[in-house]
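Student: Could you take me through how features of a model such as this one are read, giving the general idea and then the case at hand?

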Amino acid sequence: MSSRPLVVGLSGASAPIYGIRLLELLRADPEVETHLVYTRTVPRTVELETSYGLDQVRDLADVVHEPGDMAAAISSGSFKTRGMIVAPCSVHTASCLANSITKDLLTRAADVTLKERRPLVLLVRESPLHLGHLRRLVEVAELGAIVAPPIPSFYHRPDSLQDLVDHSLGRALDVFDISVQGMKRWSTPAGSVARRGE
């Protein structure tokens with residue numbers, strides 16, 4: 001296992017499958033140790049939107065931290081990590097981070113990630129966004145977070161919902177130089193001509 005774990009946060013936003021699938025992908029990589037933290041509303045969202053139970057989700061992580069355990073290793077900047085991904089990230093969680101509010105272990109771990117200048121990727125799940133949402137997202141980006149809504153792309157010709165989910169997660173993991181096996185990347189289409197100086 002890597003000596004620099006990756007913290008995976010699940011907030012109570014819709015689409016917990018992003019965080020679950022992220023844990024599945026990382027479980028296949030022996031070089032990445034995952035530390036899972038989630039908010040108190042996640043068990044209900046997982047129950048409503050997926051076929052997983054919370055215990056199954058927890059079993060996908062190498063280390064699990066309880067939502068209220070403010071003494072956990074990931075609450076301290078002296079615990080070195082690669083950074084953190086919050087997938088999915090609610091606007092509530094992003095707003096707490098924008099205002100430096102640490103209401104639970106997830107927001108504390110994310111705030112630590114920011115203060116230590118480590119990568120923090122937020123897969124924000126909300127639409128449409130009103131002006132208050134947009135202002136909070138600008139503020140959290142100004143603090144150093146990478147706001148990466150999981151917007152589907154189609155150039156890789158997805159065959160399933162999992163293909164769409166995996167592509168968004170692959171792009172997020174690029175920030176940490178972690179590759180998702182089989183991810184299709186954009187390349188110059190056949191017949192395109194690149195001209196020097198244009």
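Student: Which residues are linked in a network of salt bridges?

Tutor: A salt bridge is counted where a side-chain nitrogen of Lys or Arg lies within 4 Å of a carboxyl oxygen of Asp or Glu. In this structure, Arg21, Glu24 and Asp166 are joined in such a network. The model is a predicted one, in which local features need pLDDT of at least 70 and side-chain atom pairs count only at pLDDT 80 or more, while totals for chains, interfaces and linings use all residues. Residues are numbered from 1 along each chain as its sequence is written, and side-chain values use heavy atoms, with hydrogens and water left out.

Student: Where is Asp166 found, and is Asp166 buried or exposed?

Tutor: Asp166 belongs to helix α7, where helices (H or I, at least four residues) and strands (E, at least two) are DSSP runs numbered from the N terminus. Accessibility is read in three classes: buried means under 20% relative accessible area, exposed means over 50%, and partly exposed lies in between, with a 1.4 Å probe and protein chains only. Asp166 has a relative accessibility of 13% and therefore counts as buried. The side chains of Asp166 and Arg21 also make a polar contact of 2.7 Å; the term stands for a pair of N or O atoms within 3.5 Å, of which, within protein, one must be able to donate a hydrogen and the other to accept it, and residues adjacent in sequence count only if both atoms are side-chain atoms. Leaving aside residues up to four places away in sequence, Asp166 touches Arg21 and Leu25, contact meaning heavy atoms within 4.5 Å.

Student: How many salt bridges does a search of the whole structure find?

Tutor: The search finds 10 salt bridges. One of them joins Asp174 and Arg185 at 2.8 Å, N to O. This pair links distant parts of the chain, with Asp174 in helix α7 (residues 161-174) and Arg185 in the segment after α7, 11 residues apart. Asp174 is partly exposed at 25% relative accessibility, and Arg185 is partly exposed at 45%. Another salt bridge is formed by Lys103 and Asp104, whose closest N and O atoms are 2.9 Å apart; Lys103 is partly exposed at 40%, whereas Asp104 is buried at 10%.

Student: How is an aromatic pair described, and which rings form one here?

Tutor: A pair of aromatic rings is described by the distance of the centres and the angle of the planes. Rings of Phe, Tyr and Trp (its six-membered ring) pair if their centres lie within 6.5 Å, and planes under 30 degrees apart count as stacked, over 60 as edge-to-face and the rest as tilted. The search of the whole structure finds 1 aromatic pair. The ring centres of Tyr155 and Trp186 are 5.4 Å apart and their planes stand at 85 degrees, so this pair is edge-to-face. Tyr155 sits in the loop between β6 (146-147) and α7, and Trp186 in the segment after α7, 31 residues apart. Tyr155 is partly exposed at 38% relative accessibility, whereas Trp186 is exposed at 57%.

Student: Which side chains make polar contacts with that of Ser153?

Tutor: Ser153, in the loop between β6 and α7, is buried at 17% relative accessibility. Its side chain makes a polar contact of 3.3 Å with that of His156 and one of 3.0 Å with that of His167. Not counting residues up to four places away in sequence, Ser153 touches Pro158, Leu164 and His167.

Student: How is empty space located, and which residues lie nearest the centre of the largest pocket?

Tutor: Rolling a probe the size of a water molecule over the atoms shows where empty space is left. On a 1 Å grid over the protein atoms alone, a cavity is a set of points where a 1.4 Å probe fits but cannot get out, and a pocket is an open set with protein on both sides within 12 Å along at least five of seven lines; lining residues have an atom within 4 Å of a point. Grid points are joined across faces, edges and corners, and a volume is the space filled by probe spheres set on the points. The largest pocket holds about 370 Å³ of space and is lined by 20 residues, of which Asp166, Val180, Gln181, Gly182 and Met183 lie nearest its centre. Helices α1 (17-27) and α7 each supply at least two residues of that lining.
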